[in-house]
Amino acid sequence: MGAYADMSREELQREYDAAAAKFEELKSRGLKLNMARGKPGKAQLDMVSEGLFSVMNRPEDYISDGVDCRNYGELAGLPAARRLFAEILGCRAEQVIVGGNASLQLMYDAISKAVTHGLLHSPRPWCKEEKVKWLCPAPGYDRHFKVTESFGFELITIPMTPDGPDMDAVEAAIADPAVKGMWNVPKYSNPQGYVYSDETIRRIASMKPAAPDFMLMWDNAYCIHEFRGEFAEFPDILSECEKYGNGDMAYEFASTSKVTLPGAGISCMAASEANIAYFLKLMGIQIISYDKVNQQRHVLYLKDKAHTLELMKKHAEIMAPKFRTVVDALEREIAPLGIAGWNDPRGGYFVSLDAMPGTAKRTLALCKEAGVTMTGAGATFPYGVDPDDSNIRIAPSLPPVEELQQAIEVLCTCLKLSAAEKLLAEKQ
Ligand code: PLP
């Protein structure tokens with residue numbers, strides 16, 4: 001079997017016919033499988049809930065550093081929860097606000113405050129600006145892009161490289177004072193699983209944007225989420241920015257959504273102490289305090305960074321075989337045909353696949369027809385439009401391995417079918 005590009009029309013037609021027959025067979029199985037979102041699987045949730053819900057039994061379990069977590073107070077979060085996130089992120093506890101059950105909400109809220117009230121160094125609230133533009137390294141996280149799109153910002157696509165965003169493009173773009181911020185998932189990026197290089201981080205931390213209130217959104221959602229190999233240390237963006245006189249530029253986010261329970265975990269925003277003071281003043285109007293009972297449950301369950309990393313190893317034992325299943329199938333079925341490329345990440349929640357340009361939508365429509373739901377084509381790009389119609393995000397975490405094997409078989413078959421279809425049409 002050779003690469004599709006080198007095949008004659010007859011050879012391609014044979015490939016197409018074989019894939020079409022396989023597709024009909026798969027369709028007849030009546031599958032109902034989902035590789036759409038990065039959700040932990042049931043085994044992970046069972047493992048966590050067993051421990052998480054048995055740590056608070058005695059009255060003294062509700063008291064932390066003298067604070068009764070059942071009552072109002074401590075808007076910035078339980079001191080012990082602030083210390084826990086600070087240790088994990090490598091910053092200081094005073095730089096951390098521990099929020100509610102979702103970091104996405106903290107991100108939305110931070111940007112929303114920039115729009116309504118402005119940031120510490122804003123000449124005016126962003127709603128008074130004629131235009132706000134935002135840098136979106138892509139492929140990236142669809143929900144990030146939607147947040148900034150929802151506020152009417154103009155989204156500018158920045159190409160992603162294995163070392164992080166194309167910094168030449170970033171440095172050129174930030175000369176425009178209308179460019180107010182940038183999304184980042186610096187470790188095990190969503191979807192490619194790329195880790196920003198030290199050089200990229202240095203260039204980001206030392207940027208001199210024309211906007212005085214440039215907002216570096218540093219979503220460290222996968223900061224401890226290795227599923228292969230050891231935990232990899234990662235620079236603390238707050239002190240990196242401080243080094244270059246940019247201490248107030250970075251807003252870092254993280255959560256336990258994929259450490260404990262998504263939707264029932266705890267989240268944090270870390271920023272300079274000046275920014276934390278500024279945000280606490282604004283937040284104090286909208287909330288008296290976040291759910292400190294859940295913060296305390298997490299402090300008692302996770303304990304400290306070392307203990308949290310042990311838990312992440314247990315997650316890794318469940319996750320690694322799932323990623324292996326996906327990547328092995330692609331290597332076996334697709335690599336020889338030369339019709340797609342993909343990454344083989346060490347952490348995070350996704351495999352990013354680049355199909356033959358012009359075939360991603362068709363491939364995913366075929367998958368759907370065969371009962372496999374995937375993240376929509378284009379979702380990884382600003383405005384949901386992939387200019388090459390090529391990128392496909394695979395989320396292997398939710399289905400058990402046996403289901404995943406079937407789902408990936410469907411995906412491989414659909415990739416072959418759509419590629420052969422396109423090449424045959426071109427040879428007409
Ligand atoms: N950030 C990234 C990069 C994600 O991939 C996800 C979930 O997939 C989130 C944030 C959501 O996090 P949370 O549950 O804390 O809102």
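Helices (H or I, at least four residues) and strands (E, at least two) are DSSP runs, numbered from the N terminus. This is a predicted model, where local features need pLDDT of at least 70, side-chain atom pairs count only at pLDDT 80 or more, and totals for chains, interfaces and linings use all residues. Residues are numbered from 1 along each chain as its sequence is written, and side-chain values use heavy atoms, with hydrogens and water left out.

**View 1. Asparagine 343 in the loop between strands S12 and S13.** Strand S12 covers 340-342 and strand S13 covers 351-355, with asparagine 343 in the loop between them. Asparagine 343 counts as buried because its relative accessibility is 10% (buried means under 20% relative accessible area, exposed over 50%, partly exposed in between; 1.4 Å probe, protein chains only). Its side chain puts a polar atom 2.8 Å from the backbone nitrogen of serine 352.

**View 2. Aspartate 213 and its partner serine 122.** Look for aspartate 213 in the loop that runs between helix H7 (198-205) and strand S9 (215-219). Aspartate 213 has just 3% relative accessibility, so aspartate 213 is classed as buried. The side chains of aspartate 213 and serine 122 share a polar contact of 2.6 Å (a pair of N or O atoms within 3.5 Å; within protein, one must be able to donate a hydrogen and the other to accept it, and residues adjacent in sequence count only if both atoms are side-chain atoms).

**View 3. The ligand and the residues around it.** The surrounding residues are Ala102, Ser103, Leu104, Tyr141, Val185, Asn190, Asp219, Ala221, Tyr222, Ser255, Ser257 and Lys258 (each with a heavy atom within 4 Å of the ligand). Sorted by class, that shell holds six nonpolar, four polar and two charged residues (Ala, Val, Leu, Ile, Met, Phe, Trp, Tyr, Cys and Pro count as nonpolar, Asp, Glu, Lys and Arg as charged, the others, Gly among them, as polar).

**View 4. Polar pairs at the ligand.** A ligand oxygen sits 2.6 Å from a side-chain N or O atom of serine 103. A ligand oxygen is also 2.9 Å from a polar backbone atom of leucine 104. On the nitrogen side, a ligand nitrogen lies 2.5 Å from a polar side-chain atom of aspartate 219. The ligand alone exposes 400 Å², and the protein buries 88% of that (Shrake-Rupley method, 1.4 Å probe).

**View 5. Glycine 152 in the loop between H5 and S6.** Helix H5 (142-150) and strand S6 (154-161) flank the loop. Glycine 152 is exposed because its relative accessible area is 60%. Glycine 152 and valine 132 are 20 residues apart in sequence, with their C-alpha atoms 7.8 Å apart.
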